[in-house]
Amino acid sequence: MSIEMTEEAVPVGQPTGVTRRQFIVTGTSGFMLQFCLPGVSRAAAALGAPAPVKMNSYIVIHANSTATIYFGGCELGQGAMSGLAQLAAEELMLDWSQVVTQTVLPDSISYITGGSSAIRTNYLPVRQAGAAVRTMLIEAAAARWKVPVAQCTASNGEVTDTVSKRILSYGNLAAAAAKLSPPSKPFLVADAKLRLIGKSMPRLDLPDKVNGRAIYGIDVRVPNMLYAAVKHCPSLGGTLASTPGNPGGGVVAVVPLGNAVAMVAGTTWDAMSAFDEMEISWNIPASSKAIDSTVFSTEATTIMAQGPVVPAEVIGNAASAMAGAAKVHDATYSFPYLAHACMEVLNCTVSITAAGCEIWAPTQAAAWVQGTAAALTGLPLSKITVHTTLMGGGLGRKIEQDYIAQAVKVAMAVKAPVKLMWPREEDFGKDMYRPMVLSHVKAGLDAYHRVVAWENRIVSPSIQAQRGWISAGSEDGQSTEGATSLPYAMATRLVQYGAHPSPVPIGFWRSVGHSYNAFVVETFIDELAMIAGVDPYTYRRGLLINNERYLAVLDAAATLGDYTSPVPSGHARGIAIAEAFGTVVAEVVEIANATSTSVDVLTVACAVDCGRVINPDSVTAQMQGGIVHGLSAALWGHITFANGVASVSNFDNYRLVRMPEMPAVSVHLLPSTNPPTGAGEPGVPPLAPALANAYFKLTGQRVRSLPFFPTQSTMGDD
Amino acid sequence: MIALNVNGVVHEVNVSSNDTPLLWVLRDILGMTGTKYGCGIEVCGACTVLIDGEPERCCQVGVGEAQGRMITTVEGLSADGKSHPLQQAWIQLQVPQCGYCQSGMLMCAAALLQNNPQPADSDIDEISNVCVCGTYQRIRAAIKLAATL
C-alpha cells in the first residue's frame, strides 16, 4: 500500500465534532485513514508554537479485516500504545485480537510523548478516528446492499444487515470505504455499550518482553554497522583539548564531539574498553571547576532572602493577613538534583546513504530527531527517516537530542552505519537532571486554626529558561506547578518564584515541579495539623470543605489504607494528596522500624481520580511504578557536584528500591465518566510527603530536606 | 575461536580477547539482544543469564570463562517464547512495563524456581536486580503463580 502524506494543515483541539479535513483517506489497495494526535509539548506550548498540524497517526484496515493502528507517539513502558489501541478498537468494533499497533511510519511526523499526555490528550481524537472508519465501512456496506445505513451494524470486523442477515467483512469493504468521504460527525460508542474501554485488556507489547524479542533502541542492528561508545569530559563545561590517537584493539575510528569523544569499533565492548587505559586531554575552564553544590546552596539561600522573585500566584493580601494571624509557622525545604536512570542507556543508530539519513532511536520526540539530523547533515526533512523504537524507560530524558546529534556526527565521520551508546557512567554523569530546589513556606492561622495567609517562595533553576523557551528570570510555571492553585481553603496566598541560574543541565523528570512542591505543601499541612492539634487527615478534610473531588480521593485512600484504624505498635501511617496533570492522587503510607538511616515502608494505599479509566490494570501499574519512583528518590536519590563533576557514576552509588524494600501497594481507581487525565506521573508526588508524615509520627523528626538517608545511597550486588 | 553453547546450540565466535564479557558476545556477535546492558558492574542484573544453571551477571563474565559451559539466555527459556511457566505468569499478571530489566528478572526467577520450587517471600527477596519501572510487586506475584503452573 502506498502511503500518501499531506502537508495540509488540519484543525486540532476541537473537543467535539470533527471536520473532514481532520481525516485523510487513501485506499489504493486497502483502507487507510490518517489523523492527527496532538500529544503534548511543553516546548511547543512554551514557545507559543501551534500544536502539530500534520497527520501523524493512521488506521489501516487489512484484507483479513484486522487493523493496524500507527501512532505518532512512543511506548516508554507506560502502556500508552495499547491504551490508544483500545480506544480505536472500541470504535472500530473490533475484537482485541484483531488490532496491532506500531509507532509512526518512517516518513510521518510524530508528536512528543511526555506530560502524562498519551491518553488524556489523544482520547477523543483516537475515538473519533476509529468511529470515522467504522462509519465509512458501514456506509460502504449499506451502499453495496442498497439498504439504509441505520439498518447495518458492525462487530468483530464485519458489517451485518440486520434485516437480511447478510454479512460483509471489513476487508471486503475496505476498498469501497476508502472512496467515501469521512463523516463530519462520527458517532461514538455509547457508554453503556463500551466493550473495551474500562477493561484491563492485556497489553499488546508484553508478549515480546518476556522472550527477548522486543527490540529497544540499543538492540537495533543494521548491516555492516559499527559500534561507538562515548566518553564526555568529566567536568561540566569542559571540552576535548585534542583528539586522542587510535588506541588500536579493534578501534577503527576516534571521533571528536566537542565535549566528548567517541571510540568506534566492531563491537560495543571494543569501543567501550578502549577508554580504559586512555589518557584524554580536556580543556576545563575555571568556571567548570566552580560548579559546586555548596556554591549552589549559597546562591539559592541568597536568592531566597534577597530575591529577585516574581509572583506565581497572588490571592488577596497575604502579607497583611499574615501580620494579623493568631499564629504563624514557617519552614524551609531543600531538594537535590536527581538523575533519570533509565534502565536503557542513551543510544542511537544512524545510517547515512545516498538515499538519505535513517535513524533508529529510543526517543520521546521523533520529530525533533528529524530536525536534529537535518541540521547536521544538511539534508531536507524528507530525506530523514526516524524509526522510534521501544524504550527501556524514557522518563523525560529521551526527549533530549544530545545523544542523537552525537550519533549523526559519528555516522557522518566514519561514513558507515553506527550504533552509538553511552556507557552507564556517561548516562549518570551527563544527565539532564531534575533541578535542585529551595522552598520556604509560611502560614498564618487564625484562632480556629484556619489558614488566613499562605506564602511560598520557590527558588530553583528553570528548565524552560535554560533552553531559552522563556526569558531568564520570568515566572516558570513548571517550577511552581503543584504549589499554586492548591485545593485547600486559604484566605490569602502569595506564591513566588526566584530563578536560580545554574550551569547544571536540567530536564524533565517524572512529575517535574510536582515532585517537590507536593512534598512542601503536604508535609507543611501536616505541621499545621499538629499545631491545630487535629489529626492530619481530619485537618485536610476541613481545609477541603466543599471540594468533593479531593475529598472523595482522600477518603478513598484513608479507607484503603486503614488510616483511621488502630496502628500496630511500632508502626505509623502518613497521608498526602496531590493533583498533577489533571489527576488527583492520595496515598497512605504505613511504616515501621524508622531510624536515622532507614525505614521499612510496609504498605502504600493509593486512591486515584484520573477521570475515565481506559485500562484499569495499566493505570494501576503506573501508580505502582510512580510510587516506587517516588520512594527511591525520597529515601536515597541525590546528586551533588564538585569541580563540575557529578557525584554519581553508576547504580552502585545511586540506590533504587529493590525487591526487599518494595512495599505492598494497593490501588483504588475512583469511577468517573469525566475525560481522562494523566496517569504516568501523578503517582509520584504524594509518596514522599506521606512517607515523611508517617516518619514524623514514629520519630518526632520532620524531614525537610530530601533524600531521607543521603548516606545510605550505595547499592551492592548482593 | 571460542565455542559457546548457548541455549543448546554451539556457536564458534571470534573475539579480540577472551576477557570480552559474555554480554557483548551475545549481543553484538551472536545478535542475541534479549540479554541487556544496564550497568556493566554487576549491580543492576539486567544482563543475568544462566551458566550451568546458576544466575550470572554476564557483563563481567569473560567469554573465555563461559567456554564449554551451558549458557541459557531469555531466548532459551522456551522454544516458542511463551510457554515457560514464568512467561505465562508474567503475561497473566502483566508484569513488564518498559520491559528492559525483565530478561534478567526472568532468568533470576528461573534459577530460583529450579532450586526452590516453592519459594518464600524471603527467597524472592534474594533477587537483587533493579527495575526502574517498579514492577517488583508483580514479579513477586508472578513467581508464586509460576510455581503453581
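In this predicted model, a contact between two helices of chain A brings A:Ile525, A:Asp526, A:Leu528, A:Ala529 and A:Ala532 of α14(A) against A:Pro536, A:Tyr539 and A:Arg540 of α15(A). Sorted by class, the residues of this contact comprise six nonpolar and two charged ones, with no polar residue among them. Helix α14 of chain A spans residues 514–532 and helix α15 of chain A spans residues 536–543, and their axes come within 9 Å of each other while crossing at roughly 100 degrees. Because angles from 65 to 115 degrees count as roughly perpendicular, that crossing makes α14(A) roughly perpendicular to α15(A).

A second helix pair of chain A can be read in the same terms, since two packed helices are described by the angle between their axes and the distance between the axes. Here helix α17 (residues 616–635) and helix α18 (residues 687–699), both of chain A, have axes that come within 8 Å and cross at roughly 55 degrees. The two helices α17(A) and α18(A) are therefore oblique to each other, and the crossing that they form is right-handed. On the side of α17(A), the residues taking part are A:Ile627, A:Gly630, A:Leu631 and A:Ala634, and they meet A:Leu687, A:Ala688 and A:Leu691 of α18(A). Six of the residues in this contact are nonpolar and one is polar, whereas none is charged.

These helix pairs belong to a chain whose secondary structure consists of 18 helices and 28 strands. Taken along the principal axes, the C-alpha atoms of chain A fill a box of roughly 80 × 70 × 50 Å. A compact globule of 718 residues would have a radius of gyration near 27 Å, and the value for chain A, 27 Å, agrees with that expectation. Of the 718 residues in chain A, 57% are buried. When the contacts of chain A with a separation of 6 or more are considered, 78% of them are accounted for by residues 24 or more positions apart.

Beyond its internal packing, chain A also meets chain B, in an interface where 56 residues of chain A are in contact with 47 residues of chain B. On the side of chain B that touches chain A, at least two residues each are supplied by the chain B helices α1 (22–29), α3 (85–92), α4 (102–115) and α6 (136–146). That side of chain B, divided by class, holds 24 nonpolar, 18 polar and five charged residues.

Notes:
Residues are numbered from 1 along each chain as its sequence is written. Chains are lettered from A and ligands numbered from 1 in the order in which they are written. This is a predicted model: local features need pLDDT of at least 70, side-chain atom pairs count only at pLDDT 80 or more; totals for chains, interfaces and linings use all residues. Two residues are in contact if their C-beta atoms, placed from the backbone, lie within 7 Å. Helices (H or I, at least four residues) and strands (E, at least two) are DSSP runs, numbered from the N terminus. Ala, Val, Leu, Ile, Met, Phe, Trp, Tyr, Cys and Pro count as nonpolar, Asp, Glu, Lys and Arg as charged, and the others, Gly among them, as polar. The radius of gyration is taken over C-alpha atoms; the globule rule is 2.2 Å times the number of residues to the power 0.38. A residue is buried if 20 or more other C-beta atoms lie within 10 Å of its own, exposed if 12 or fewer, and partly exposed in between; C-beta atoms are placed from the backbone. Axes are lines fitted to C-alpha atoms, for helices over the stretch in contact, and angles run from 0 to 180 degrees between N-to-C directions. Angles under 35 degrees count as roughly parallel, over 145 as roughly antiparallel, 65 to 115 as roughly perpendicular and the rest as oblique. A crossing is left-handed if the near helix is turned anticlockwise from the far one by less than a right angle, and right-handed if clockwise.
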